[in-house]
Amino acid sequence: MHETFSLAPIVIVLLVSVITVIYCRKFNIPSMLGYLLVGFIAGPGMLKLIPQGHATDYLGEIGIVFLMFSIGLEFSLPKLKAMRRLVFGLGGLQVIVTMLSIIGILMLMGVSFNWAFAAAGAMTMSSTAIVSRILSEKTELGQPHGQMAMGVLLMQDIAVVPLMILIPALSGKGDEGSLGAALGLAGLKMLVTLGVLFVVGSKVMSRWFRLVAKRKSSELFMINVLLVTLGVAYLTELEGLSMALGAFVAGMLLSETEYRFQVEDDIRPFRDILLGFFFITVGMKLDIQALIGGWQQILILLAILLVLKALVVFFIALHMKHPIADSLKTALYLAQGGEFGFVMLNISSKMNMVSPELEQAATAAILLSMIIAPFILGSSDAIVSRFVKSSWDMKALDLHSMLVETMSKSDHVLIIGFGRGGQTVGRVLAQENIPYFALDLDIARVQVARNAGEPVSFGDAKRREVLEAAGLERAKMVVITLNNMHETQHVLDNIMSLHPSMPVYVRATNDDYVKTFTDMGAEEAVSDTKETSLVLASYAMLGNGATFNHVYQTIANIRHSRYASLEGLFVGSDDENGFDDGGKSVCRHAFPLTGEAYAIGKTIRDLPLDNAGIKLLFIRRNTSRIENPDLDFQLQPNDILVVAGRQEEIISFENWSLQGNT
């Protein structure tokens with residue numbers, strides 16, 4: 001008798017996932033907590049909608065593989081070499097000291113050494129998925145505490161290998177006499193495998209991707225990305241190493257090629273979906289009966305995870321002479337259990353290396369720490385500012401230094417954002433001997449630019465005291481070149497509140513923000529896409545014989561009208577706007593009145609243009625273009641209406657034109 005497969009559980013899980021994440025977004029709760037909740041509700045602990053087994057756990061682990069691949073894209077071999085002190089120094093000491101501390105505490109509680117060793121190995125690991133995800137979202141991977149946290153996490157991934165060898169040896173199911181040989185063999189395999197990947201992969205990867213890219217097939221490129229990600233992970237798994245470690249190496253090999261950004265875009269959907277499924281599988285491990293029955297032991301283990309691990313990381317980082325604020329923030333980021341902890345507990349349980357009660361308690365403690373972690377990480381800045389006086393002193397010192405530097409400046413241009421756009425503006429101003437001062441939040445870029453003599457400081461322009469220290473009151477104007485439009489709104493609002501008459505020129509990456517920024521008080525809002533198009537149009541006009549003065553006047557009139565004549569463009573599947581914004585952007589659309597369309601025979605006066613919020617641009621009849629038709633103009637079969645409006649309104653108007661109110 002064959003087993004029947006039903007889609008019902010999957011559909012229900014997807015429905016619950018969508019609803020949960022919607023509410024998480026609404027209340028600004030990390031979506032991973034929503035996935036954890038979905039796993040708990042739909043898993044064996046409550047509704048039993050999806051069974052927990054090896055297949056679901058393995059699928060969740062694939063999410064970690066894609067995540068580590070994405071992280072690898074942010075690194076390079078030179079950067080990893082530069083981080084060796086963090087990986088093997090800070091990371092190595094964290095693993096050793098944390099394990100010894102947990103083993104000691106558990107043995108004092110009466111737990112046998114073998115059980116304590118297995119539990120300590122599981123609890124020593126931190127969550128790569130949670131930490132790296134939040135570091136990426138907060139753009140802190142490049143900051144000192146982000147580098148420190150990633151160094152420790154990489155060492156933990158490496159440490160999984162010898163721990164997986166020690167567990168069967170201590171359980172009596174491995175050959176204790178050859179334990180040293182097994183560890184040596186594992187280390188050799190690791191060096192050989194990673195060495196081959198780095199040496200051979202660095203020569204092969206770029207050529208292989210170039211060969212695939214020449215076929216000019218997005219489908220083939222996507223398949224190749226999946227092949228490389230999962231293929232390298234599989235190779236490292238065959239050698240007894242972590243799949244996540246292999247995926248990280250694969251990402252690192254691609255980080256120095258010209259295909260890095262395309263690969264990152266292609267892999268993101270798979271990473272996010274499978275990572276969400278990983279958190280669902282973690283939530284499925286929560287046993288409500290274990291929580292109730294062993295709550296005291298769970299709280300003790302939870303305290304060990306959140307407090308002991310943080311203290312170990314903090315004091316080791318301090319001993320290695322890292323700043324107090326960075327040491328504390330790194331400690332907060334690593335004070336939780338990790339996904340490899342579940343794997344190690346599962347293996348230990350099969351080999352009788354841990355009692356069922358201790359396994360459930362450790363699983364619950366790790367899971368609870370992962371649930372609490374996003375809240376701790378989200379408030380890490382506030383915690384550091386509250387407990388580390390030097391961080392306040394450093395902020396005050398930064399503001400004071402900035403104030404001293406800008407005291408001699410007046411009638412300068414204040415540039416917010418010193419990326420490519422900000423640097424271009426700065427270089428043009430420097431050529432014209434116009435003074436300027438810039439603010440940026442990328443500490444690495446600021447340090448390099450300052451070393452080169454650029455007038456730029458690290459500072460968050462969303463804070464009013466930073467704007468004042470940067471000489472806003474004495475500035476002649478402000479130029480905002482940020483990529484993030486929400487941050488731009490925040491900065492512009494602060495400037496207008498402090499100095500309402502200050503001329504502000506703003507970059508708008510999205511055409512919809514042009515009107516938003518000018519309504520907020522900006523002197524001009526410059527659209528990336530429209531300005532690029534205007535420059536290209538200028539060259540086209542000049543190439544067709546137009547005089548320079550005519551071209552200049554034409555472009556100036558378009559700019560003076562704030563691109564009114566360019567409003568409403570035909571939206572395609574490759575456009576960024578019109579889809580991701582929920583159809584709120586104004587676009588242009590054309591549709592024919594064919595067959596027995598309701599609007600045929602109607603006049604312009606009869607069309608519900610005002611009620612629908614639609615602008616009739618022109619009517620194309622045969623080969624003629626009829627602009628500004630009078631209200632009594634009558635529509636005929638096969639007329640093509642060209643209109644502008646928001647997508648939802650255009651759809652409603654087109655439906656009315658073709659079918660009427662029905």
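This report walks through a predicted model, from the whole protein down to a few helices and single residues.

## The whole protein

Let us begin with the broad view. The protein has 662 residues, and 46% of them are buried. Its secondary structure consists of 28 helices and eleven strands.

How do the contacts spread along the sequence? Taking contacts between residues at least 6 apart in sequence, 71% link residues at least 24 apart.

## Two helices side by side

A good place to look next is the pair formed by helix α14, residues 295–319, and helix α15, residues 324–334. Their axes lie 8 Å apart, and the two helices pack at an angle of about 150 degrees. Since angles over 145 degrees count as roughly antiparallel, α14 is therefore roughly antiparallel to α15. The crossing of α14 past α15 is right-handed.

Which residues make this contact? From α14 come Lys 309, Ala 310, Val 313, Phe 314, Ala 317 and Leu 318. From α15 come Ile 324, Ser 327, Leu 328, Thr 330, Ala 331 and Leu 334. Sorted by class, the contact between α14 and α15 holds nine nonpolar residues, two polar ones and one charged one.

## A mostly covered helix

Helix α6 covers residues 113–124, twelve residues in all. At 1.5 Å a residue, α6 should span 16 Å, and its end C-alpha atoms are indeed 16 Å apart, so the two values agree.

Most of α6 is covered, with nine of its twelve residues buried. The buried residues of α6 are Ala 116, Phe 117, Ala 118, Ala 119, Ala 120, Gly 121, Ala 122, Met 123 and Thr 124.

## Two residues of helix α25

Helix α25 runs over residues 528–543 and contains Ser 538. Glu 531 is found in α25 as well. Are these two residues buried or exposed? Buried means under 20% relative accessible area. Ser 538 has 15% relative accessibility, so Ser 538 counts as buried. Glu 531, at 16% relative accessibility, therefore counts as buried too.

Their contacts can be followed in the structure, setting aside residues up to four places away in sequence. Ser 538 touches Val 551 and Ile 555. Glu 531 is in contact with Val 526, Arg 559 and Tyr 563.

## A buried leucine in helix α22

Leu 467 belongs to helix α22, which is made of residues 464–469. The relative accessible area of Leu 467 is 0%, so this residue is buried.

What does Leu 467 touch, not counting residues up to four places away in sequence? Its contacts are Leu 414, Ile 416, Ala 461, Leu 472, Asn 494, Ile 495 and Leu 498. Another residue to find from here is Val 491: its C-alpha atom is 9.0 Å from that of Leu 467, and the two are 24 residues apart along the chain.

## A buried serine in strand β3

The last stop is a strand. Ser 457 sits in strand β3, which comprises residues 456–458. With a relative accessible area of 7%, Ser 457 is buried.

How far is Ser 457 from Phe 418 in sequence and in space? The two residues are 39 apart in sequence, while their C-alpha atoms are 9.5 Å apart in space.

Methods
Residues are numbered from 1 along each chain as its sequence is written. This is a predicted model: local features need pLDDT of at least 70, side-chain atom pairs count only at pLDDT 80 or more; totals for chains, interfaces and linings use all residues. Side-chain values use heavy atoms; hydrogens and water are left out. Axes are lines fitted to C-alpha atoms, for helices over the stretch in contact, and angles run from 0 to 180 degrees between N-to-C directions. Helices (H or I, at least four residues) and strands (E, at least two) are DSSP runs, numbered from the N terminus. Angles under 35 degrees count as roughly parallel, over 145 as roughly antiparallel, 65 to 115 as roughly perpendicular and the rest as oblique. A crossing is left-handed if the near helix is turned anticlockwise from the far one by less than a right angle, and right-handed if clockwise. Contact means heavy atoms within 4.5 Å. Ala, Val, Leu, Ile, Met, Phe, Trp, Tyr, Cys and Pro count as nonpolar, Asp, Glu, Lys and Arg as charged, and the others, Gly among them, as polar. The expected span of a helix is 1.5 Å times one less than its number of residues. Buried means under 20% relative accessible area, exposed over 50%, partly exposed in between (1.4 Å probe, protein chains only).
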